[in-house]
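The following exercises invite the reader to examine a structure step by step. Each task is followed by a worked solution.

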Amino acid sequence: MTISSAPPTSSHLPARQSDWALRVQQDPVLLGDIARAVDGPFHVIDPARFGANLAAFKAVLSAAGVDGQIYYGKKANKAGAWLGECARHDGGVDVASVPELVHALECGVRGEDVVVTGAAKADRLLWLAARHRCLIAVDNLDELERIAALHIPVRILLRVLPDVNPDSRFGLDRKQVEHALDRCTAESSRISMEGFSFHLDGYEVRPRAELADRLIDLCTAARTRGLPATSISIGGGFACSYVDEEDWERFRSGYRDDWFHAGRKFAKFYPYHQNPTGAAMLADILGHIGPRLAGTGTRLLCEPGRALLDQAGFSVFPVQGYKERGDHGVVAVGGLSMSVSEQWKGSEFLPDPLLWHPDSAPGDPVTAFVGGASCMEYDVLTWRKIGFPRRPAHGDLLIYPNTAGYQMDKNESEFHQLPLPPKIRLADHDGRITWAFDTH
Ligand SMILES: *Cc1c(COP(=O)(O)O)cnc(C)c1O
């Protein structure tokens, strides 16, 4: 068995990988055994890494002397394994639908540790959330009236429209916030107004710190009206790094359309190297607002999705065949580009896929793009011509590293009636890696 990264071509972009992922990929038989059992594409997940990422976020809060909660933004990956980790590490979950809420409860997350976001919440979702004492982030005034009409106790946050993003369709503008506060005051016997929330696009510290500062002001003002206003939620958008800085800079400065099959052009790319990332980014935000939070006794809530999944999984596709197209080739894999969601936003998932092959047969290096198993011309997992040490062949596997956050299952469908790729949870039992299907 050999695991091969691309020979360095000018467009190569090696993925950062965890020791866990490398150990699994270097095992001589493990991935081959799973591939035979599954007989199709699959995703490998590491719940322990998610748990460690969550624990790191929680540790940053306690180091700053700030009370609060970390809610996993569930839409980033559907596996049940993450929810068990949330329960185990005293974390919460951010949901937007009844099935997401039920899934969290089923996996042991308590209702009081769930925040319900989402722009258009069904009555059944509001009712179920209220019954389980979840926190509901209210996105419009109609929703607040529907909550009042439940006539049962409800815990809410008011989601604000950020000044830095005035065209957002989410949140309440200043006038709407005022009106909502009047309604919360009038309904205070049942509606517990626990604070304010936002979720910003992008991955920057400063706009988050500035808006959080305004939300602390809103909380202290709301308290003078007799509302609880204990908490602010700064949403998600914690950055991740998929590749090293030097590689990302070289890639960006040398970028050429002809690196891609058919000169394919893209609208934009995710910033595959960033700084600070994950829990360190939360620490930076707390560097700005930590003292004010602690001083005003305000709790900090956040809703990271992608950052909790960083290095917690990778995707594996069986190679079905290879053919030439001019000066490069095309690898056909079992599985669809829907399992690499970035391909569905006019973009591409850039960290290099790796060839895992059961033998170390020598051969001449080739470059090739990667096509999926459907009959659609645009079903392409990677348009970029990737360097391989030899021709990929039937029996090899193609590994896409670090795909747990949004890539794996956000866009998957049963196109061609192909089954969805299963998620395989790996665990370390006394130094031996065991695997199981993620069934919850
Ligand atoms: C999507 C979303 C998140 C998670 O965002 P990430 O970028 O994955 O951290 C958190 N909160 C809300 C309201 C969201 O819509």
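## Exercise 1: A residue in a strand

Val 319 belongs to strand S11, which spans residues 313–325. The model considered here is a predicted one.

Task: Determine whether Val 319 is buried or exposed, and state how far its C-alpha atom is from that of Val 66.

Solution. Step one is to take the relative accessible area of Val 319, which is 0%. Step two is to compare this value with the cut-off: a residue is called buried under 20%. Val 319 is therefore buried. Step three concerns the separation: Val 319 and Val 66 are 253 residues apart along the chain, and their C-alpha atoms are separated by 50 Å.

## Exercise 2: The surroundings of the ligand

Task: Establish where the ligand sits, which residues surround it, and how the residues of its shell divide by character.

Solution. First, the ligand is located in the largest pocket. Second, the residues around the ligand are Lys 75, Asp 94, Thr 117, Arg 159, His 199, Gly 236, Gly 237, Glu 303, Pro 304, Gly 305, Arg 306 and Tyr 406. Third, this shell is made up of two nonpolar, five polar and five charged residues.

## Exercise 3: Polar contacts of the ligand

Task: Give the distances from the ligand to polar side-chain atoms of Lys 75, Asp 94 and Tyr 406, and state what percentage of the ligand's accessible area the protein covers.

Solution. A polar contact requires N or O atoms within 3.5 Å. For Lys 75, a side-chain N or O atom is 2.9 Å from an oxygen atom of the ligand. For Asp 94, a polar side-chain atom is 3.3 Å from a ligand nitrogen atom. For Tyr 406, a polar side-chain atom is 2.6 Å from a ligand oxygen atom. As to cover, the ligand on its own has 390 Å² of accessible area, of which the protein covers 88%.

## Exercise 4: Backbone features in loops

Task: Describe the peptide bond from Asn 275 to Pro 276, and then the phi angle and the exposure of Gln 417 and Asp 430.

Solution. The bond from Asn 275 to Pro 276 is cis, with omega near 0 degrees. Pro 276 is placed in the loop between helix H10 (245–254) and helix H11 (278–296).

Gln 417 is not a glycine, yet its phi is positive, at about 60 degrees. The loop that holds Gln 417 runs between strand S16 (397–400) and strand S17 (423–429). Because its relative accessible area is 77%, Gln 417 is exposed.

Asp 430, also not a glycine, has a positive phi of about 50 degrees. Asp 430 lies in the loop between S17 and strand S18 (432–437). Its relative accessibility is 85%, so Asp 430 counts as exposed.

Methods
Residues numbered from 1 in each chain as written. Predicted model: local features only at pLDDT ≥ 70, side-chain atom pairs only at ≥ 80, totals over all residues. Heavy atoms only, no water. Near = heavy atom within 4 Å. Polar contact = N/O pair within 3.5 Å; in protein donor to acceptor, adjacent residues only side chain to side chain. Areas by Shrake-Rupley, 256 points an atom, 1.4 Å probe, with all protein chains shown as cover. 1 Å grid on protein atoms, 1.4 Å probe; cavity = no way out; pocket = protein on both sides within 12 Å on 5 of 7 lines; lining within 4 Å. Sits in = over half its atoms within 2 Å of the grid points. Nonpolar A, V, L, I, M, F, W, Y, C, P; charged D, E, K, R; others polar. Helix = DSSP H or I, 4+ residues; strand = E, 2+ residues; numbered from the N terminus. Buried < 20%, exposed > 50% of the residue type's maximum accessible area, 1.4 Å probe, protein only.
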